[in-house]
Amino acid sequence: MSGHSIIAGVCVRCNQKPRPEITQEMRDAVYCTATGVALHLLDPCLKDISLYDMAHSLAGINRFCGGHWGTQHSYHYSIAEHSYWVSVLAPEPFKLWSLLHDGSEGLGFGDVISPLKKFLPDYKIHEKWMMGCVSKKWLGGTAEPTEVKAADMAALAVEQAAMQPPVAWMRERLRGKDTGLFKPECWSPMQAKTNFIQRFIELGGKE
């Protein structure tokens, strides 16, 4: 069984109200996760959101839509590894939020790069709903703290300096930023998934 099971206006599986503006067409937007769950993308039941599925997908998605050099070790640099480093950079109360800040991307939404995403208003609305569900499941239902975004931007500067072509406009964009906060390691998908899950446990997360 997957999806909401509604009785008296509330899902008896996850104790949440369904998304109010959902249509049948939206309800039929279903994604098959790595564990075979039929995840309803636009109105998921919290019981169907799995850390394992999230970690598995994030570990397989290449950062920057693959538009980077990687390192001498690997061409692959995953969203899972990026999220790990963001959690390292974030201050103590926000580390788990930072690890999960791209959770929607591992739950069927993929990695749409920021320059394009701002022109996709419907995508942003649905992604925000999914991230709200991630927050309800593991983060107390809180909105993303500004400290998480700051850590995300700090990681971005390191990654761009380490892995994107050193062309003039990119060097100008990175001027004055600290690009030595960590060293991207380009873990294999399996290692990235393992490290992501272990980091979740270290930070007190519970599936």
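At what angle do α3 and helix α9 (residues 189–202) pack, and how far apart are their axes? In this predicted model, the angle between α3 and α9 is about 35 degrees, and their axes lie 9 Å apart. The crossing of these two helices is left-handed. On the side of α3, the contact is made by A80, S83, Y84, S87 and V88, while α9 contributes A192, N195, F196 and R199. Sorted by class, the residues in this contact of α3 with α9 comprise 5 nonpolar, 3 polar and 1 charged.

**A second partner for α3**

Helix α3 also packs with α7, here at an angle of about 120 degrees and with the axes 9 Å apart. An angle from 65 to 115 degrees would count as roughly perpendicular, and one over 145 degrees as roughly antiparallel; α3 and α7 fall in neither range and are therefore oblique to each other. Their crossing is right-handed. The residues that make this contact are H82, V86 and L89 from α3, together with V148, A151, D152, A154, A155 and E159 from α7. By class, the contact of α3 with α7 holds 6 nonpolar residues, 1 polar residue and 2 charged residues.

**Salt bridges between distant parts of the chain**

One residue of the α7 contact, E159, also takes part in a salt bridge, where its partner is R63. Over the whole structure, a search finds 7 salt bridges, and the table sets out three pairs, including the one just named.

| Salt bridge | Closest N to O distance | Separation along the chain |
|---|---|---|
| R13 and D48 | 3.0 Å | 35 residues |
| R27 and D43 | 3.7 Å | 16 residues |
| R63 and E159 | 2.8 Å | 96 residues |

The pair of R13 and D48 links distant parts of the chain, with R13 in the loop between β2 (10–11) and α1 (24–27), and D48 in the loop between β4 (38–40) and α2 (51–60). Both of these residues, R13 and D48, are buried.

The loop between β4 and α2 also holds D43, whose partner R27 belongs to helix α1. Are the two residues of this pair buried or exposed, or something in between? A residue counts as buried when its relative accessible area is under 20%, and as partly exposed when the value lies between that limit and 50%. D43 has a relative accessibility of 5% and so counts as buried, whereas R27, at 29%, counts as partly exposed.

In the third pair, R63 sits in the loop between α2 and α3 (79–89), and E159 sits in helix α7 (residues 146–163). R63 is buried because its relative accessible area is 10%, and E159 is buried too, with a relative accessible area of 0%.

**Positive phi values in a loop**

The loop between α2 and α3, which holds R63, is also where F64 is found and where C65 is found. F64 has a positive phi, near 60 degrees, in a residue other than glycine. C65, which is not a glycine either, has a positive phi of about 55 degrees. What does the relative accessibility say about F64, and what does it say about C65? F64 counts as buried because its relative accessibility is 14%, whereas C65, at 53% relative accessibility, counts as exposed.

Notes. Residues are numbered from 1 along each chain as its sequence is written. This is a predicted model: local features need pLDDT of at least 70, side-chain atom pairs count only at pLDDT 80 or more; totals for chains, interfaces and linings use all residues. Side-chain values use heavy atoms; hydrogens and water are left out. A salt bridge is a side-chain nitrogen of Lys or Arg within 4 Å of a carboxyl oxygen of Asp or Glu. Helices (H or I, at least four residues) and strands (E, at least two) are DSSP runs, numbered from the N terminus. Buried means under 20% relative accessible area, exposed over 50%, partly exposed in between (1.4 Å probe, protein chains only). Axes are lines fitted to C-alpha atoms, for helices over the stretch in contact, and angles run from 0 to 180 degrees between N-to-C directions. Angles under 35 degrees count as roughly parallel, over 145 as roughly antiparallel, 65 to 115 as roughly perpendicular and the rest as oblique. A crossing is left-handed if the near helix is turned anticlockwise from the far one by less than a right angle, and right-handed if clockwise. Contact means heavy atoms within 4.5 Å. Ala, Val, Leu, Ile, Met, Phe, Trp, Tyr, Cys and Pro count as nonpolar, Asp, Glu, Lys and Arg as charged, and the others, Gly among them, as polar.
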